[in-house]
Amino acid sequence: MLERLNQALEHVELRLDQPIEVEELARIAATSEYHLRRMFSALAGMPLSEYVRRRRLTVAGAEVLAGRETLLEIAVRYGYGSGEAFARAFRAMHGIGPGEARRTGAALNSQSRMSFRLTVEGSSSMRYRVVARPAFTVVGFKARVPLVHLGPNQAIIDFVRGIDPRALEHLGKLSDQEPEGIVAVCDDLDPSRAEGTELDYYQGVITSATAPEGTTTPEGATVLAVPSGTWAVFTASGPAPQAIQELWRDVYTEWFPSNPYRGRPGPEILRTRMSPDHSEAEAELWLPVEGERG
């Protein structure tokens, strides 16, 4: 997987002054657009689109300083429709406008070329299983929240605190299959996975495709139908919240590159159980997957 991903990055380098289609990059990487975006974001710490933008502005910056072409010619070559648009993007990355940079020979920022390699340390083993699941339903309270990669997500914290404990108790009784009990569900994430983009967050339970006979959903709850499919289930335990954050990291930087599966669109489910003093966490992460050639 990493070798094919590096081939896609080489394709980017050869076409920085041409349109770059994610569909073509996914074909080179022999995976889906969805999985390519997700893998790159997890490995690089930035969206694929941001990397391409920064590489273009790095190369364009060198040409600005060289002074062989007009600023407008450079802007057009790297995909900007006007000198003003190029100047805004240039200043956002380099902290100085292209005209001033050329006049003063200012030092500019640089986005280095990326390549990926897998380092196997063998210090820990990842516990996982892959299961085929029939269709099921998420029933829970829903909020649209920003994506936060590191640290607490205050929007989620505030949302969960605002839910009536009696409503959560009611929800808990609707859980009739694993992962059992109250879970966190993330859905409809932006393909870029960029910090600050929004997602649907559910605090709810997993139930049968149809609600159990004789039960009702709490007032204000939302129902999300999930079709049948394959899921990879990962478990981890340790200090909170590091154990959970490291689980997400290890899945995308170690497990996916080493296994014949790729992510597919669908909700991502996290079941967390805390120790009485909230210092330790036991986490179970469910991710929708498909075979590499599935």
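This report describes the fold, nonpolar cores, salt bridges and backbone exceptions of a predicted protein model.

## Overall architecture

The protein chain contains 10 helices and nine strands. Its C-alpha trace spans about 75 × 40 × 35 Å along the principal axes. Of the 294 residues, 45% count as buried. Among contacts in the chain with a separation of 6 or more, 73% are between residues 24 or more positions apart.

## Packing of helix 1 against helix 2

Helix 1 (residues 2–14) and helix 2 (residues 22–29) have axes that come within 7 Å and cross at roughly 140°. This crossing is right-handed. On the side of helix 1, the contact is formed by Arg4, Leu5, Gln7, Ala8, His11 and Val12, and on the side of helix 2 by Glu24, Leu25, Ile28 and Ala29. Sorted by class, the contact of these helices comprises six nonpolar, two polar and two charged residues.

## Nonpolar cores

In soluble globular proteins, nonpolar side chains tend to be buried together. In this model, the largest nonpolar core has 34 residues, of which Leu25, Leu36, Phe40, Tyr80, Phe86 and Phe116 touch the most other members. At least two core residues come from each of helix 1, helix 2, helix 3 (33–44), helix 4 (48–66), helix 5 (71–77) and helix 6 (83–94). The greatest contribution to this core is that of helix 4, with six residues. Leu25 thus appears both in the contact between helix 1 and helix 2 and among the core members that touch the most others.

Phenylalanine 86 illustrates the packing in detail. Leaving aside residues up to four places away in sequence, Phe86 touches Leu57, Ala60, Val64, Leu71, Ile74, Ala75, Tyr80 and Pro98. A second core, separate from the largest one, has 18 residues, including Val139, Val145, Ile163 and Leu199.

## Salt bridges

Side chains of opposite charge can pair when their charged atoms come close. The structure holds 15 salt bridges. Three of them are listed below.

| Acidic residue | Basic residue | Closest N to O distance |
|---|---|---|
| Glutamate 10 | Arginine 113 | 2.6 Å |
| Glutamate 284 | Arginine 129 | 3.9 Å |
| Aspartate 200 | Lysine 142 | 3.7 Å |

The side chains of glutamate 10 and arginine 113 meet in a salt bridge. Glutamate 10 belongs to helix 1 and arginine 113 to the loop between helix 7 (98–104) and strand 1 (127–133), so this pair ties together parts 103 residues apart in sequence. Glutamate 10 is partly exposed, because its relative accessibility is 35%. Arginine 113 is also partly exposed, with a relative accessible area of 49%.

The salt bridge between glutamate 284 and arginine 129 has its acidic partner in strand 9 (residues 280–291) and its basic partner in strand 1, so it ties together parts 155 residues apart in sequence. Here glutamate 284 is buried, at 15% relative accessible area, whereas arginine 129 is partly exposed, at 31%.

Aspartate 200 forms a salt bridge with lysine 142. This pair links strand 4 (residues 198–208), which holds aspartate 200, with strand 2 (residues 136–146), which holds lysine 142, across 58 residues of sequence. Aspartate 200 counts as buried at 10% relative accessibility, while lysine 142 counts as partly exposed at 38%. Salt bridges with shared partners join Lys142, Arg144, Asp188, Glu198 and Asp200 into one network.

## Backbone exceptions and loop residues

Most residues other than glycine have a negative phi, and most peptide bonds are trans. Several positions in this model depart from that pattern. Aspartate 188, a member of the salt-bridge network, has a positive phi of about 55° although it is not a glycine. Aspartate 188 lies in the loop between strand 3 and strand 4 and is partly exposed, with a relative accessible area of 46%. Histidine 278, likewise not a glycine, has a positive phi of about 65°. Histidine 278 is located in the loop between strand 8 (268–274) and strand 9 and is exposed, with a relative accessible area of 55%.

The peptide bond from glutamate 178 to proline 179 is cis, with omega near -5°. Proline 179 sits in the loop between helix 9 (165–172) and strand 3 (183–187). Another loop proline, proline 152, lies between strand 2 and helix 8 (154–161). Proline 152 is exposed, at 63% relative accessibility. Its C-alpha is 32 Å from that of arginine 88, and the two residues are 64 positions apart in sequence.

Notes
Residues are numbered from 1 along each chain as its sequence is written. This is a predicted model: local features need pLDDT of at least 70, side-chain atom pairs count only at pLDDT 80 or more; totals for chains, interfaces and linings use all residues. Side-chain values use heavy atoms; hydrogens and water are left out. Axes are lines fitted to C-alpha atoms, for helices over the stretch in contact, and angles run from 0 to 180 degrees between N-to-C directions. Helices (H or I, at least four residues) and strands (E, at least two) are DSSP runs, numbered from the N terminus. A crossing is left-handed if the near helix is turned anticlockwise from the far one by less than a right angle, and right-handed if clockwise. Contact means heavy atoms within 4.5 Å. Ala, Val, Leu, Ile, Met, Phe, Trp, Tyr, Cys and Pro count as nonpolar, Asp, Glu, Lys and Arg as charged, and the others, Gly among them, as polar. A nonpolar core is a set of buried Ala, Val, Leu, Ile, Met, Phe, Trp, Tyr and Cys residues joined through side-chain atoms within 4.5 Å. Buried means under 20% relative accessible area, exposed over 50%, partly exposed in between (1.4 Å probe, protein chains only). A salt bridge is a side-chain nitrogen of Lys or Arg within 4 Å of a carboxyl oxygen of Asp or Glu.
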